[in-house]
Amino acid sequence: MAYPQHIGPRHTAVVGLQWGDEGKGKVVDLLARRHDVIVRYNGGANAGHTVVVGDQRYALHLIPSGIFYGEKTCVIGNGVVIDPETLVDEIDTLRSRGIEIGENLRISDRAHVVMPYHKARDEALEALLARSRDRTGADRAIGTTKRGIGPAYADKTSRATALRMADLIDPRRLRRRIEAVSPIQSAILAALGAEHIIDTEELLQRFTALGDRLAPHVTDTTYLLHDEIAAGRSLLFEGANASLLDVDHGTYPYVTSSNCSTLGIPAGTGLPLTHVHEVVGIMKAYSTRVGAGPFPTEQDNPIGDRIRDRGREYGTTTGRPRRCGWLDLVAVRYSAMICGVTTLACMLLDVMSGFDEVQLCTHYRLPDGTLTDRFIPDAERLGRVVPVCETLPGWAEETTKIRNRADLPPNARGYLARIEEILGLPIGMISVGPERSQTLTRV
Ligand code: IMP
């Protein structure tokens, strides 16, 4: 594979190419070995990255998936929105399981803070939307994770009502900010009909304590990252959520509130565009989606049920059953294009065993009958397309014990080869199970 001319250590991004839950945690964990600094640049505790180390399964929401290697630095960049309660819980849980967390975790002083009133606002807005109907009679709720992500990013862009980590770790600043924003946040909640009452003193007490806990980790991560690069260390960017949920480029308005594609990296870290040399795009061997929004290849039938059962497709963050369907290559090709993907990882191939036939979506048919191979990042228009699929023969054999691509059933190899051909990109990594060892890499 040809890489751009570059002298010095290479920096890599890992990004989801579908609607999330592609298995990024596992890939980041594997790639962390050959990088020094692992960086989150977007999203918040809406993400759920599962990493299996030996017989231990860890679910991470905010801490980068590189945390299992003590000698690596894990950075939560300025583009992330941080729920301090979740983060402190996550630190405590990991520590209680023997994972070292100290100097190796660095948090941007400019990352925004998710407050309890953001979660209450998220919930209240969703409840209001669920009561209103669109043209088709469907409710308008986005189906958020209710982690306060949208309201926290909304406050970030509204500016005067926001709180950043630099405010959280300075008790006097925190008091000034909370006293200033509480009446406004209360008014917003009341207007939405939320029952949440903001008790300023209680909030101050609770969040001062959380600020104390997190203060040793908080720093200017922009300079830190530039210093790391100057010192010759290599960076691994860990995208959270996924490209089709990107607020600018996803299936708007059924998206999350950050730039989850690689386009979010510069703004979410303070590093210029030139610092990403390799982009690993992660896709499942099929498609899933949690929450509302268009999903052209959805199989709301026994095929989807089978994928959900075999793939244990229930949300890491919310436990919700995921919607399941065939692999949509129109969508993946679009995500790979906007993210600048150089190599692909195909996850959960083991789930696809046992189908007589499998399908790959290569085009959409538009309401006027024309065919297109272009994605439509607009929920209303995407909701009207009909997927056009190629049918390939399936394979019965289980693949979880296979360790070489050459040993995969011929039809599984044919499936992967056809995906590579349609996308014009190599699949460098194939996953056939959650464990580190259940990974087939191209040699
Ligand atoms: P929010 O990010 O909680 O506002 O949710 C907005 C939409 O993005 C909902 O459909 C969520 O289910 C979805 N979403 C957000 N984060 C993830 C993720 O990490 N995996 C899958 N879906 C996600």
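The following paragraphs describe the domain arrangement of this predicted model and the surroundings of its ligand.

The protein is divided into two domains. Domain 1 comprises residues 12-109 together with 220-441, and domain 2 spans residues 112-216. The C-alpha centres of domain 1 and domain 2 are separated by 28 Å. Across the boundary between them, 35 residues of domain 1 are in contact with 28 residues of domain 2.

The ligand involves both parts of the protein. Its shell takes at least three residues from domain 1 and at least three from domain 2. The space that the ligand occupies is the largest pocket. Around the ligand there are 16 residues, of which Asn46, Thr145, Asn241, Thr256 and Arg320 come nearest. In terms of residue class, this shell consists of six nonpolar, eight polar and two charged residues.

Several polar contacts can be described at the level of atoms. Thr256, one of the residues that come nearest to the ligand, places a polar side-chain atom 2.5 Å from a ligand oxygen atom. Arg320, also among the nearest residues, has a polar side-chain atom 3.1 Å from an oxygen atom of the ligand. Val290 approaches through its backbone instead: a backbone N or O atom of Val290 lies 3.1 Å from an oxygen atom of the ligand. With these surroundings, the protein covers 97% of the 470 Å² of accessible area that the ligand has on its own.

Conventions: Residues are numbered from 1 along each chain as its sequence is written. This is a predicted model: local features need pLDDT of at least 70, side-chain atom pairs count only at pLDDT 80 or more; totals for chains, interfaces and linings use all residues. Side-chain values use heavy atoms; hydrogens and water are left out. A residue is near a molecule or strand if one of its heavy atoms lies within 4 Å of it. A polar contact is a pair of N or O atoms within 3.5 Å; within protein, one must be able to donate a hydrogen and the other to accept it, and residues adjacent in sequence count only if both atoms are side-chain atoms. Accessible areas come from the Shrake-Rupley method with a 1.4 Å probe; for residues, only the protein chains shown count as cover. On a 1 Å grid over the protein atoms alone, a cavity is a set of points where a 1.4 Å probe fits but cannot get out, and a pocket is an open set with protein on both sides within 12 Å along at least five of seven lines; lining residues have an atom within 4 Å of a point. A molecule sits in a cavity or pocket if more than half of its atoms lie within 2 Å of its grid points. Ala, Val, Leu, Ile, Met, Phe, Trp, Tyr, Cys and Pro count as nonpolar, Asp, Glu, Lys and Arg as charged, and the others, Gly among them, as polar. Domain bounds come from an automatic or database domain assignment. Contact means heavy atoms within 4.5 Å.
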